[in-house]
Amino acid sequence: MEEGKMSWTVADAVDYKGFPADKSKTGGWVTAALILGIEISERLSTMGIAVNLVTYLVGTMHLPSAESANIVTDFMGTCFMLCLLGGFLADSFLGRYLTIATFSVIQSLGTGLLSVSTRLPQLRPPPCDATKNVCQEANDLQMGVLYLCLYLIALGTGGLKSSVSGFGTDQFDEKDTKERTQMTYFFNRFFFFISMGTLLAVTVLVYIQDGVGRSWAYGICCLSMLISITIFLSGTKRYRYKKRAGSPIVHILQVIAASIKKRNLSYPSNIAFLYEDRSESTRIHHTPQYRFLDKAASRVEGDDEETADGKPAPNPWKLCSVSRIEEVKMMIRLLPVWATTILFWTIYAQMMTFSVEQATTMERTMGSFQIPAGSLTVFFVGAILITLAVYDRLIMPMCRRFRGTEGFTNLQKIGIGLALSVMGMAAAAITEKRRLSVARSHSASATVPMSVFALIPQFFLVGAGEAFIYTGQLDFFITRSPKSMKTMSTGLFLTTLSLGFFFSSFLVSVVKNFTSGKNGNGWLADNINQGRLDYFYGLLAVLSAMNLVAYLACAAFVKPQPQPTALATEKNSSLDDKC
């Protein structure tokens, strides 16, 4: 009887009471669905604010165009950078469940305060004086309250985003064939829910912001997150919880510290002399690359210290196992690809800033209905969904039939995404050159007589690029990292988004400073009809083309992984039918 009971428990997971998790009472699709609700609300709030924030900063707070764009990109960059903080707290102290619950509340608090701040007239400057053509910029207090709201939201987003996908996969047992297959589908649905949350944000929520009021839209975001938190907490007794294994950041620092302390030691004559504390089945075998780190596994006098029970044990800051060192090496090997994917997210940032500002100057009416400028990003999200559908239903079956593989490799996906971003910026430069020509020939008109649908190519190309690069990056960073550092590798992936947004802010500031003439316009003028945004887009196209060449050079040195064969796919498909 005891043996039968044990077969229904998950080896490395516990229930809410700390007992081994019972498969029949915990985990599975039901609990994973409760967690996905948090992700939908997070996307609804973050993207609903970001895609239309530049119009609020320029039109209501009366800030310059370039400064407004930088505020948006800094906000988004901070959201993703704080994923590292959330991952560290989850791995070291709180666990994923408490991390999600805590930071979800923080995000809902931020959106609630933003709803109030956009409602109160004291927290925004007076409307522009049309007779004198004078606009008063927001003062320090008004901007301070806005920053407080935005960065509370960024803190909440970063904290919970690092744990949502991980806690979702915790609900499936990797050692169970059926549940492992279900977990694969969870990743597909996870990205689908991200896209659906973004789609709702750029359509329904942006329309409410422009048509009804921003305070109502942000209030809906707050209410949505509170409902999702309630649903999330309702599954407390049914979740599976993984035991914390310590922070990967600490493990990396231990290897670095030990190797620096022993930098003057000679390399051992035989790698068999290096310290190892794992069993043969779980250890990672030594590789000759980055040999300077191997010195951390050389045992010398003083490496051991007395534990609480009086027995000597290695001090992890002085002596590290070969497996621990190899985990650090695996993370280092991710860095070249990591560095060459940052620029894509700089291009992505333009879709939420300058591209939206372009839309505000163009003809946006369809009959009696005026399309909100922020809603143009629906074509961006639409491109993602269409690309994913075409890849799943057309490209993958063709690859199975003609190549016997499961579609493109993760490195190929990243390369395709980068190539599409180059074409997207080239298309944006051409379209902006046309728009400027029309705008200057109709200088008396407030609205440029050019359809806003001319912006579709740049939205579609960059959106299709995101579909490839996001799934390719996520797959690359998860499959190439050690098991004990999955959260760390996911955080590393998300920092490419963060640094891409921050680099966008830096690049905008540099270009504005270097191109502004005596009249202060330059490429990125406060009035884009008086600037040369097409030159800026052209610069990004050139930089991204150079980055693509650098990426291809880095990818050429990455050791290829074996791809799933068509036979393996057929087995999984038959298994899926049974599930």
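**Exercises on aromatic contacts, a surface patch and a sheet**

Phe80, Phe344, Trp345, Tyr348, Phe380, Tyr470, Phe476, Phe477, Phe493 and Phe501 make up one aromatic cluster in this predicted model.

**Exercise 1.** Classify the geometry of the pair Phe88 and Phe93, and state how exposed each ring residue is.

*Solution.* The aromatic pairs number 28. For Phe88 and Phe93, the ring centres are 5.8 Å apart and the planes meet at 75 degrees. Planes over 60 degrees apart count as edge-to-face, so this pair is edge-to-face. Phe88, with a relative accessible area of 27%, is partly exposed. Phe93 reaches 51% and is exposed, because the cut-off is over 50%.

**Exercise 2.** Describe the pair Phe503 and Phe506 and locate it in the chain.

*Solution.* This pair is tilted, with 6.1 Å centre to centre and 35 degrees between the planes. Both residues belong to helix 16 (residues 486-515), three residues apart, about one turn of the helix. Phe503 is partly exposed at 29% relative accessibility.

**Exercise 3.** Identify the helix that gives the most to the nonpolar surface patch.

*Solution.* The patch consists of Ile386, Val390, Leu394, Met398, Phe402 and Phe460, together exposing about 570 Å² of accessible area. Helix 13 (residues 378-402) gives the most, with five residues. Ile386 lies in helix 13 and is partly exposed at 44% relative accessibility.

**Exercise 4.** Explain why strands 2 and 3 each have one side without a neighbour in the sheet.

*Solution.* The open sheet has three strands in the order 2-1-3, with antiparallel pairing. Strand 2 (20-22) and strand 3 (241-242) stand at the edges with a single partner strand each, so one side of each lacks a neighbour in the sheet.

Methods
Residues are numbered from 1 along each chain as its sequence is written. This is a predicted model: local features need pLDDT of at least 70, side-chain atom pairs count only at pLDDT 80 or more; totals for chains, interfaces and linings use all residues. Side-chain values use heavy atoms; hydrogens and water are left out. Two strands pair if DSSP finds at least two bridges between them. Helices (H or I, at least four residues) and strands (E, at least two) are DSSP runs, numbered from the N terminus. Patches are made of residues with over 30% relative accessible area and no salt bridge: like charges are joined within 9 Å, nonpolar side chains (Val, Leu, Ile, Met, Phe, Trp, Tyr) within 5 Å. Accessible areas come from the Shrake-Rupley method with a 1.4 Å probe; for residues, only the protein chains shown count as cover. A salt bridge is a side-chain nitrogen of Lys or Arg within 4 Å of a carboxyl oxygen of Asp or Glu. Buried means under 20% relative accessible area, exposed over 50%, partly exposed in between (1.4 Å probe, protein chains only). Rings of Phe, Tyr and Trp (its six-membered ring) pair if their centres lie within 6.5 Å; planes under 30 degrees apart count as stacked, over 60 as edge-to-face and the rest as tilted.
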